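Visitor: Hi, can you walk me through this one? I'm new to reading structures.

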Amino acid sequence: MERDVIIACDFASKEATLEFLDKFAGEDRKPMVKIGMELYYAAGNEIVKELKARGHKIFLDLKLHDIPNTVRKAMKVLSALDVDMVNVHASGTKEMMAAALEGLTREDGSRPLLIAVTQLTSTSQEAMNDQLLVAGDINDCIAHYAKNAKEAGLDGVVCSPLEGGLVKEACGKDFLTVTPGIRFADSAADDQKRITTPARAKEIGSDFIVVGRPITAAADPVAAWRRCVADFCD
Ligand code: C5P
């Protein structure tokens with residue numbers, strides 16, 4: 001898949017999501033969209049099928065984390081939805097990631113991209129050391145989890161754009177980095193801490209940027225999305 005901007009559709013209902021995406025109806029390029037836990041738990045497979053039917057590429061961001069057998073079977077169910085990208089937590093172990101891949105792969109060998117969350121960007125160095133009892137430097141942990149994901153056969157990781165370089169160094173340039181924490185130089189950071197612009201994310205080597213509020217809360221969401229596409233994809 002080509003480098004793309006993924007709009008985080010963090011809405012609480014099918015109606016709100018469709019009303020938002022209707023604004024993009026006149027565009028030649030269809031925005032790729034992310035369905036996270038809030039929207040999926042509210043609107044389920046119906047919203048996935050509706051957005052698929054409208055021609056959107058979909059990143060289903062459900063971050064699976066359970067015993068390998070359960071994740072394998074859950075991924076088998078998700079693979080029937082024919083989305084383009086799904087994810088798991090790398091902390092579930094290589095065995096769990098390999099089981100996810102197995103469950104996701106259809107009989108003809110096709111499957112959505114499978115990426116791993118390393119350490120959530122909301123987890124600080126202190127919380128990782130003191131609460132999770134994972135010793136050492138958080139960047140080393142991120143690189144190590146990314147290597148585990150690669151060894152399990154996954155396609156890439158979700159990480160902060162500022163961590164993209166260390167992931168590419170550890171796993172090679174073809175290992176995908178999907179990066180949230182994107183802001184225009186002239187927009188609010190909101191609750192995101194480690195942020196960068198679409199243009200800088202491109203320079204650093206992100207393969208996909210995930211952008212929520214800079215597009216969804218913009219006065220003109222289509223113009224904001226076009227600006228992201230121009231800065232990141234072109
Ligand atoms: O509105 P904003 O651009 O901050 O949205 C970013 C999106 O990316 C949200 O859906 C958020 O849940 C998601 N995300 C993130 N940081 C991560 C993983 C996912 O911001 N580490």
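**Loops, ligand and cysteines**

Guide: Sure! Let's begin in the loop between helix H5 (125–130) and helix H6 (138–151), where you'll find Leu133. Keep in mind that this is a predicted model.

Visitor: Okay. Is Leu133 buried or exposed?

Guide: Leu133 counts as exposed, at 72% relative accessibility. Its backbone is worth a look too: phi is positive, about 55°, although Leu133 is not a glycine.

Visitor: Where does Asp82 sit?

Guide: Asp82 is in the loop between helix H3 (68–79) and strand S4 (85–89). Asp82 also has a positive phi, near 60°, and it isn't a glycine. With a relative accessible area of 40%, Asp82 is partly exposed.

Visitor: Switching topic. Where's the ligand?

Guide: The ligand sits in the largest pocket. Two elements give two or more residues to the shell around it: strand S8 (208–211) and helix H9 (213–216).

Visitor: Which residues are around the ligand?

Guide: Among them are Ala8, Lys34, Pro180, Arg183, Gln192 and Gly212. Asp10, Thr121 and Arg213 are also in that group.

Visitor: What do the side chains of those last three do there?

Guide: Let's take them in turn. Asp10 has a polar side-chain atom 2.8 Å from an oxygen atom of the ligand. For Thr121, a side-chain N or O atom is 2.8 Å from a nitrogen atom of the ligand. For Arg213, a side-chain N or O atom is 2.7 Å from an oxygen atom of the ligand.

Visitor: And how much of the ligand does the protein cover?

Guide: The protein covers 83% of the 470 Å² of accessible area that the ligand has on its own.

Visitor: Cool. How many disulfides are there?

Guide: Zero, from a search of the whole structure.

Visitor: Why doesn't Cys228 have a bond to Cys233?

Guide: Because their sulfurs are 8.7 Å apart, which is too far for a bond. Cys233 holds the closest cysteine sulfur to that of Cys228. To count as a disulfide, the two sulfur atoms must be within 2.5 Å.

Visitor: Are those two cysteines buried or exposed?

Guide: Cys228 counts as buried, at 1% relative accessibility. Cys233 is buried as well, with a relative accessible area of 17%. The cut-off for buried is under 20%.

Visitor: Last one: where is Arg227?

Guide: Arg227 lies in helix H10, residues 221–232. At 37% relative accessibility, Arg227 counts as partly exposed. The C-alpha atoms of Arg227 and Ala199 are separated by 10.0 Å, with the two residues 28 apart along the chain.

How values were computed:
Residues are numbered from 1 along each chain as its sequence is written. This is a predicted model: local features need pLDDT of at least 70, side-chain atom pairs count only at pLDDT 80 or more; totals for chains, interfaces and linings use all residues. Side-chain values use heavy atoms; hydrogens and water are left out. Buried means under 20% relative accessible area, exposed over 50%, partly exposed in between (1.4 Å probe, protein chains only). A residue is near a molecule or strand if one of its heavy atoms lies within 4 Å of it. A polar contact is a pair of N or O atoms within 3.5 Å; within protein, one must be able to donate a hydrogen and the other to accept it, and residues adjacent in sequence count only if both atoms are side-chain atoms. Accessible areas come from the Shrake-Rupley method with a 1.4 Å probe; for residues, only the protein chains shown count as cover. On a 1 Å grid over the protein atoms alone, a cavity is a set of points where a 1.4 Å probe fits but cannot get out, and a pocket is an open set with protein on both sides within 12 Å along at least five of seven lines; lining residues have an atom within 4 Å of a point. A molecule sits in a cavity or pocket if more than half of its atoms lie within 2 Å of its grid points. Helices (H or I, at least four residues) and strands (E, at least two) are DSSP runs, numbered from the N terminus.
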